[in-house]
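Below are my notes on the model, set out as numbered points for discussion. Please read them alongside the sequence and the coordinates.

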Amino acid sequence: MENQNLAQGVKELRKREALSQDELARKAGLSLRTVQRVENGETIPTAETLKRLASVLGVAPNELIEFESEKEVPKIVLKTKHEYVHFFEDKLVFSKTPDINLVADYSKSVTYVFRTLMVFLISIPLFTAMGIYFYTISNIPMAIYGTTFAFMFLTAALNIMLFSSGSPVVSFANITSIKVNSKMSQNILSISFMESGRIKQRGMILEKDQVQPMMDVLLTWNIFDKKDMEMNKKPQILKVIFFCLYILTSSLFVFYNPKQLYLTTYLQSGLLLVICFILIGKMLRNSVFLNRDTIAIANSPIDR
């Protein structure tokens with residue numbers, strides 16, 4: 001019976017820590033086969049093996065031996081367009097299915113981020129090569145244009161790697177803000193939280209009929225101020241109009257002044273640089289220049 005409790009304890013605690021069997025074995029300095037045999041109840045681990053497993057799983061060795069499953073059950077589960085949000089007493093857990101599988105969900109998130117990064121990482125050398133080529137043929141406007149695009153993709157890749165989190169578990173104590181915004185035709189639930197000394201963000205798309213239930217739960221649980229969870233209904237049409245006017249004006253300018261195409265190239269390069277510097281400023285604000293108040297809020301317990 002003790003052996004079965006131990007096997008169940010190692011398995012549940014490993015999943016709670018979002019570790020695969022291979023990761024647990026590596027961190028504990030054990031073989032994968034040893035971890036598999038312990039979890040399957042095929043062997044009684046030595047004192048040293050037990051000590052290593054307990055250390056990685058954050059419990060005392062005797063707690064593993066006397067483990068009793070206390071599987072947490074979420075208080076509420078809400079569906080977004082592509083994910084489920086599980087509300088526990090002290091944390092939020094995100095999953096792709098109604099059932100929680102931290103290892104699988106974390107793996108899917110990492111895979112998605114990696115695929116997105118690949119687009120940027122492939123684009124960086126391509127546009128850098130483009131800039132170098134145009135520089136060698138003395139076409140400075142296009143050289144600047146290509147180099148600026150490479151810099152933009154590099155900035156976006158850094159932002160994704162450092163400030164987008166694939167972690168399926170977010171503690172209430174680390175959340176700094178939760179907002180529900182209407183952007184173009186999508187309703188976005190945006191969660192900002194402290195992780196690894198940085199403020200990271202996780203966004204989820206809400207269907208129209210999912211917005212109010214989500215806001216009601218967030219308000220009922222008294223996680224944050226109402227103003228942070230009110231639907232942001234600022235008109236997005238102004239941005240669309242501005243973008244259309246910019247495209248139209250640029251097209252007309254090039255059509256009537258084909259010899260001055262370089263001016264449009266310089267203008268677009270300048271706009272891209274402004275976007276890059278704004279993004280860099282946000283990254284610095286959410287990491288290097290975090291003030292003490294923000295850190296204190298993130299580390300303070302939430303009174304619900």
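1. Strand β3 (91–95) pairs with strand β4 (residues 169–171) in the antiparallel sense over 3 bridges, where two strands count as paired if DSSP finds at least two bridges between them, and where strands (E, at least two residues) and helices (H or I, at least four) are DSSP runs numbered from the N terminus. Across this pairing Leu92 has Val170 of β4 as its bridge partner, and Lys91 stands opposite Ser171 of β4.

2. This is a predicted model, in which local features need pLDDT of at least 70 and side-chain atom pairs count only at pLDDT 80 or more, while totals for chains, interfaces and linings use all residues. Residues are numbered from 1 along each chain as its sequence is written, and side-chain values use heavy atoms, with hydrogens and water left out.

3. β3 also pairs with β2, again in the antiparallel sense, over 4 bridges; a hairpin of 3 residues joins β2 to β3, and Phe87 stands opposite Leu92 in β3. The open sheet is formed by 4 strands in the order β1-β2-β3-β4, with antiparallel pairing. Because β1 (76–79) and β4 each have a single partner strand, they stand at the edges, and one side of each is left without a neighbour in the sheet. From one strand to the next the twist averages 20°, taken between N-to-C directions of axes fitted to C-alpha atoms, with angles running from 0 to 180 degrees.

4. Of the 5 residues of β3, 5 are buried, meaning under 20% relative accessible area with a 1.4 Å probe and protein chains only. Lys91, Val93 and Ser95 point one way from the strand, whereas Leu92 and Phe94 point the other way.

5. The largest nonpolar core (buried Ala, Val, Leu, Ile, Met, Phe, Trp, Tyr and Cys residues joined through side-chain atoms within 4.5 Å) has 21 residues, of which Phe87, Leu92, Ile175, Leu189, Ile191 and Met214 touch the most other members. Elements giving two or more residues to this core include β2, β3 and α8 (211–220), and the largest share, 5 residues, comes from α8. Leaving aside neighbours within four places in sequence, Met214 is in contact (heavy atoms within 4.5 Å) with Leu78, Thr80, Val85, Phe87, Leu189 and Leu206. Apart from this core lies another, of 16 residues, among them Val10, Ala28, Leu30 and Ala54.

6. In helix α3 (residues 32–39) the buried residues are Val35, Val38 and Glu39. Seen down the helix axis, these buried residues fall within an arc of 95°, so they line one face of α3, the arc being that of the directions from the axis to the C-beta atoms.

Technical notes: Buried means under 20% relative accessible area, exposed over 50%, partly exposed in between (1.4 Å probe, protein chains only).
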